[in-house]
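Reader: I would be grateful for a close look at a single part of this model, with the criteria stated.

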Amino acid sequence: MKKPHRQSRMMGLLSLFVFLFLSGCTPQPAETSAQSLTVATSISPIADLIRQVGGDKVNVINLVPTGLDPHDFEPKPDDIRKVAQSSIFFANGAGEELYLDKLVQNAANPHLQTVVLSNGLNILDKTAGNPGNPHLWLDVKNAEHYVETIRDSLIKVSPADSAYFQANADKYLNQLDELDQWIKVTIGEIPPEARQIIVFHEAWPYYANRYGLTILRSLVHSGEAEPEPKDYAELIQLIKQKNVRALFGEAGFNPKLVQQLAEDTGVKYVGNLYDDTLGNTPNSNSYLAMMRTNTQAIVTALK
Ligand SMILES: [Zn+2]
């Protein structure tokens, strides 16, 4: 979760200028024919939501590679080139894409629309100086709102395919409704006194609020590497006091700290909840799969 230092940023800008110079600096106009409609987004869970609605009529570019921490991501010249060829950039917003303004500016495509999927939803921890907690998609109801916005945005860019996008979205929204119900019922299998989790980073309040879990602590906040030693001692005490049954690592983030904490407290370590990134297995390579896997992992560990 380190901040990129100034020099690498300068190098990035320099290579961008070289690239634009060599390529003649002419972004392509947005495509209007559906088959070649290209859109871009930041993270893989959102890329999947777009694919479910866009089907084979939309080419989706996913900037942050699967399995990586998006909070650390800086677009490279190749990413900027891809965004420059897109009709829409679907951003999560709420600070998930701190590079967004610069990216859109550098893409220099007057036809590019930016759609911020969290707009209109209740963003937690948002204050004057803080964009808030970006992980809204972990509440399935919020993901449904994302899907509706994606559907409406694609229809606007490609009205000829309106019926196709509408049908895909309807079908997928039904699956999301089923998922939401299933998570509620499944979390309900955990004894009420055990419905408490400690997670690695602060991705989980939307999920916890919707499905009835308490987050005792997120070990790190964005921008922090790890807790101070005195916080670590306090954590150990908290885990013992609250009789915490399991600690969870997260895909895309270094598991060392959580593993160490599990070892020091004798609590079970459960690897890889999926939040900011999908995985590469059938159990994690789609939004539906990742949400089921997360829920199963949590319930199995706490039941
Ligand atoms: Zn995150």
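Which helices do the buried residues of α6 pack against?

Author: This is a predicted model, in which local features need pLDDT of at least 70, side-chain atom pairs count only at pLDDT 80 or more, and totals for chains, interfaces and linings use all residues. Residues are numbered from 1 along each chain as its sequence is written.

The buried residues of α6 pack against α2 (44-54), α5 (140-157), α7 (205-211) and α10 (287-302). Helices (H or I, at least four residues) and strands (E, at least two) are DSSP runs, numbered from the N terminus. Contact requires C-beta atoms, placed from the backbone, to lie within 7 Å. The residues concerned are F165, N168, A169, Y172, L176 and I183; a residue is buried if 20 or more other C-beta atoms, placed from the backbone, lie within 10 Å of its own.

Helix α6 itself comprises 26 residues, 162-187. From first C-alpha to last it reaches 37 Å, close to the 38 Å expected at 1.5 Å a residue, where the expected span is 1.5 Å times one less than the number of residues.

Two of these partners, α2 and α5, also meet an open sheet. Its four strands follow the order β2-β1-β3-β4 with parallel pairing; two strands pair if DSSP finds at least two bridges between them. β2 and β4 (113-116) are the edge strands, each with a single partner, so one side of each lacks a neighbour in the sheet. α2 touches β1, β2 and β3, and its direction makes about 180° with that of β2. α5 lies across β1, β2, β3 and β4, at about 170° to β3. Such angles run from 0 to 180 degrees between N-to-C directions, with axes fitted to C-alpha atoms, for helices over the stretch in contact.

Technical notes
Buried ≥ 20, exposed ≤ 12 C-beta atoms within 10 Å, placed from the backbone. Contact = placed C-beta atoms within 7 Å.
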